[in-house]
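Hi,

Here is the structure I promised to pass on. Have a look at it first, and then read my notes underneath.

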Amino acid sequence: MKSSKSFFLLGIPALFLAASVSAHSPKEHMKDVQQKPDCAAMKDMDHSKMDMNDPVMQAMMQKCMKDMHQDSPASNGTYAGHQQQSEKAEQSKPPRHAHEK
Amino acid sequence: MKSRPLLSCGKYLLGTGLFALAAGMAFLYSGWYPIGADVPHNGLTYWALETLRERSIARASADIEVPGDLGTPKRLLAGGADYNDMCAGCHLRPGEKESDFTLGLYPVPPNLSLPHAQADRKDLTAQARRRFWIIKHGIKASGMPAWGPTHDDERIWNMVAFLQRLPELTPEQYQILTARSDEEAMPQGAIQDGNQP
């Protein structure tokens, strides 16, 4: 009797707890690490050595473009301001990226 | 008459084998082998375990098909964030030389941020297969977990893609590529690929 009672008291909650542990999404990693890309560091990099066809450089540009869009005050303000900011960002992109959606 | 020496030879071999088995079992149960991670294996044990590991991985990963788009920015961004969260503690970031894990784990996890020897395309393919298999399945008694049960193949290939470029990254490039934003937290396919026409 005692053992069956302890099974219900401890075993069942433990079973539910175990069942809730499953595959996790990248969002769960974000709980532990909340850091923003330090895009200001890109300004200090030697631009003459940067190859815009290099996937690493393209990935950095992608990341920092998104970051700039998120951080710009225009993105929190009016639609016109946001659109203006987007146009500026599009113009500053190298020709290879002109087709990006 | 001729079978008698053969019989005695067989008995001798059987006796030796049984003795070796008994001695091995006695050693196993004695607890004399130093199992602590702070005492290295002897040369023979290290060689045997390393050979076992490498041969097993090579055989198991031989038929894995490597995606042709490992070099895309999309994969670098997705894989970089996961590497930073899941792997960098043991396999280090650019500019790091050690961590608590590299000092405490045995065998010492390889520093994947260091430049590796120039490899030809065939080697790179084999290396990609090997890394994919290790990330997915882990390695017994080494501290390397199997990420397969919680991460799908695409995410693992993203990490493999990032590993290929990791030794070339500066600490600043690494920080930008691995920092997570809301975009990276979106499901697979949501991140746009700058290489697509």
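Below is what I found, going from the whole chains down to single residues.

One thing to keep in mind from the start: this is a predicted model.

Let's begin with chain A. It has 101 residues, and 11% of them are buried. Its secondary structure is quick to describe, with six helices and zero strands. Written out along the sequence, that gives α-α-α-α-α-α. If you want a residue to practise on, try A:Met65, which sits in helix α4 (residues 55–71) of chain A. Is A:Met65 buried, exposed or partly exposed? A residue needs 20 or more other C-beta atoms within 10 Å to be called buried, and A:Met65 has 19 C-beta neighbours inside 10 Å, so it counts as partly exposed. You can also try the distance tool here: A:Met65 and A:Asp54 are 11 residues apart along the chain, and their C-alpha atoms are separated by 16 Å.

Now for chain B. Of its 197 residues, 26% are buried. Again there are zero strands, this time with eight helices, so to speak a run of α-α-α-α-α-α-α-α from the N terminus on. The chain splits into domain 1 (1–33) and domain 2 (43–181). How far apart are the centres of domain 1 and domain 2 of chain B? Taken over C-alpha atoms, the separation is 43 Å. As for contacts in chain B between residues at least 6 apart in sequence, 69% of them join residues at least 24 apart.

The UniProt record, an unreviewed entry, lists residues 12–32 of chain B as "transmembrane region". In the model, that stretch is 90% helix and 0% strand, and its end C-alpha atoms lie 29 Å apart.

Two helices of chain B make a nice contrast in burial. Helix α2 (residues 43–61) has 19 residues and reaches 27 Å from its first C-alpha to its last, close to the 27 Å expected at 1.5 Å a residue. The number of buried residues in α2(B) is zero, so this helix lies largely in the open. Helix α8 (residues 171–178) of chain B, on the other hand, is mostly covered, with six of its eight residues buried. Among them are B:Tyr174, B:Ile176 and B:Leu177.

Next, find helix α3 (residues 73–86) and helix α7 (residues 153–165) of chain B, whose axes are 7 Å apart and meet at an angle of about 95°. That makes α3(B) and α7(B) roughly perpendicular to each other. The residues making the contact include B:Leu76, B:Gly79 and B:Tyr83 from α3(B), and B:Trp157, B:Met159 and B:Phe162 from α7(B).

Finally, some backbone oddities. Most residues other than glycine have a negative phi, and most peptide bonds are trans. Here are the exceptions I noted:

- B:Tyr106 and B:Pro107 are joined by a cis peptide bond, with omega about 0°. B:Pro107 is in the loop between α5 (100–104) and α6 (121–137) of chain B.
- B:Leu92 is not a glycine, yet its phi is positive, about 70°. You'll find B:Leu92 in the loop between α4 (88–91) and α5 of chain B, and it is buried, with 21 other C-beta atoms within 10 Å.
- B:Ala141 also is not a glycine and has a positive phi, about 50°. B:Ala141 belongs to the loop between α6 and α7 of chain B, and it is exposed, with 10 other C-beta atoms within 10 Å.

Have fun exploring!

Terms used
Residues numbered from 1 in each chain as written. Chains lettered and ligands numbered in written order. Predicted model: local features only at pLDDT ≥ 70, side-chain atom pairs only at ≥ 80, totals over all residues. Domains from an automatic or database assignment. Helix = DSSP H or I, 4+ residues; strand = E, 2+ residues; numbered from the N terminus. Buried ≥ 20, exposed ≤ 12 C-beta atoms within 10 Å, placed from the backbone. UniProt positions renumbered as here; feature names shortened; annotations may be inferred. Expected span 1.5 Å × (residues − 1). Contact = placed C-beta atoms within 7 Å. Axes fitted to C-alpha atoms, helices over the stretch in contact; angles between N-to-C directions. Parallel < 35°, antiparallel > 145°, perpendicular 65-115°, else oblique.
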